[in-house]
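Student: I would like a close look at one part of this protein. Please take me through it step by step.

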Amino acid sequence: MSPVPLVVLVGPMGVGKSTVGRMLAERLGVGYRDTDDDIVAEQGREIAEIFVDEGEPAFRAIEKQAVRSALAGHEGVLALGGGAILDEDTRGLLAGLRVVYLSMDVEEAVKRTGLNAARPLLAVNPRKQWRELMEARRHLYESVASAVVATDGRTPEEVAQAALDAL
Ligand code: S3P
């Protein structure tokens with residue numbers, strides 16, 4: 001049997017999946033893995049470059065494979081890129097796993113990521129784009145989640161503790 005991740009973290013970019021994921025992994029005494037890092041390592045270029053060079057659909061195809069391999073090859077804490085849940089097959093693969101959705105509201109998202117040019121989906125008018133992105137994705141995050149942890153106004157330590165409590 002393939003290994004199964006102990007905990008999968010989903011949620012929008014900038015919500016703190018990597019910071020909280022690393023803390024959770026340490027507390028649980030397991031490894032941490034992040035599909036964005038896997039993609040950068042495998043492709044030898046940054047995510048933003050893949051978006052610019054090949055476009056979002058090509059990135060999503062690469063991401064789908066990266067998520068598939070990580071889900072089948074990791075027993076610790078696994079963080080998925082914020083858009084990974086757009087793919088229906090990926091959502092199906094998450095069924096039955098312990099999936100924690102780290103949520104935040106739009107204002108918190110703008111505050112945390114507003115001016116971050118490295119995030120290709122937020123290049124112009126971050127508030128409008130965040131609103132659209134959350135509207136399009138919130139129900140998808142919820143549909144795969146076995147627990148939801150709100151991060152608004154909380155430190156990463158508090159979020160990690162809330163996620164542990166929710167497991
Ligand atoms: C994306 C989120 C990013 C990265 C890419 C697209 C998205 O991952 O995969 O920029 O569509 O929300 P993080 O959530 O790890 O920042």
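Which residues does UniProt list for "binding site"? And where do they sit?

Tutor: This is a predicted model. The unreviewed UniProt entry lists Asp36, Arg60, Gly82 and Arg137 for "binding site". Let us follow two of them, Arg60 and Arg137.

Start with Arg60. Its place is in helix 4. Arg60 has 15 other C-beta atoms within 10 Å, so it is partly exposed. A buried residue would need 20 or more, an exposed one 12 or fewer. Setting aside neighbours within four places in sequence, Arg60 contacts Leu86 and Asp87.

Now Arg137. This residue lies in helix 7. Arg137 is partly exposed because 17 other C-beta atoms lie within 10 Å. With neighbours within four places in sequence again left out, Arg137 contacts Pro12 and Ile85.

Next, the core. Helix 4 (56–73) and helix 7 (126–144) each supply at least two residues of the largest nonpolar core. That core has 37 residues. Strand 1 (7–10), helix 1 (17–28), strand 3 (77–79), strand 4 (99–103) and helix 8 (156–166) also each give at least two. Leu9, Val10 and Val100 have the most contacts inside the core.

Look at Leu9 last. Not counting residues up to four places away in sequence, Leu9 touches Lys17, Val20, Gly21, Val77, Ala79, Leu80, Val100 and Leu102. Val100 thus appears both among the partners of Leu9 and among the core residues with the most contacts. In soluble globular proteins, nonpolar side chains tend to be buried together.

Definitions and conventions:
Residues numbered from 1 in each chain as written. Predicted model: local features only at pLDDT ≥ 70, side-chain atom pairs only at ≥ 80, totals over all residues. Core = buried A, V, L, I, M, F, W, Y, C linked by C-beta atoms within 7 Å. Helix = DSSP H or I, 4+ residues; strand = E, 2+ residues; numbered from the N terminus. Contact = placed C-beta atoms within 7 Å. UniProt positions renumbered as here; feature names shortened; annotations may be inferred.
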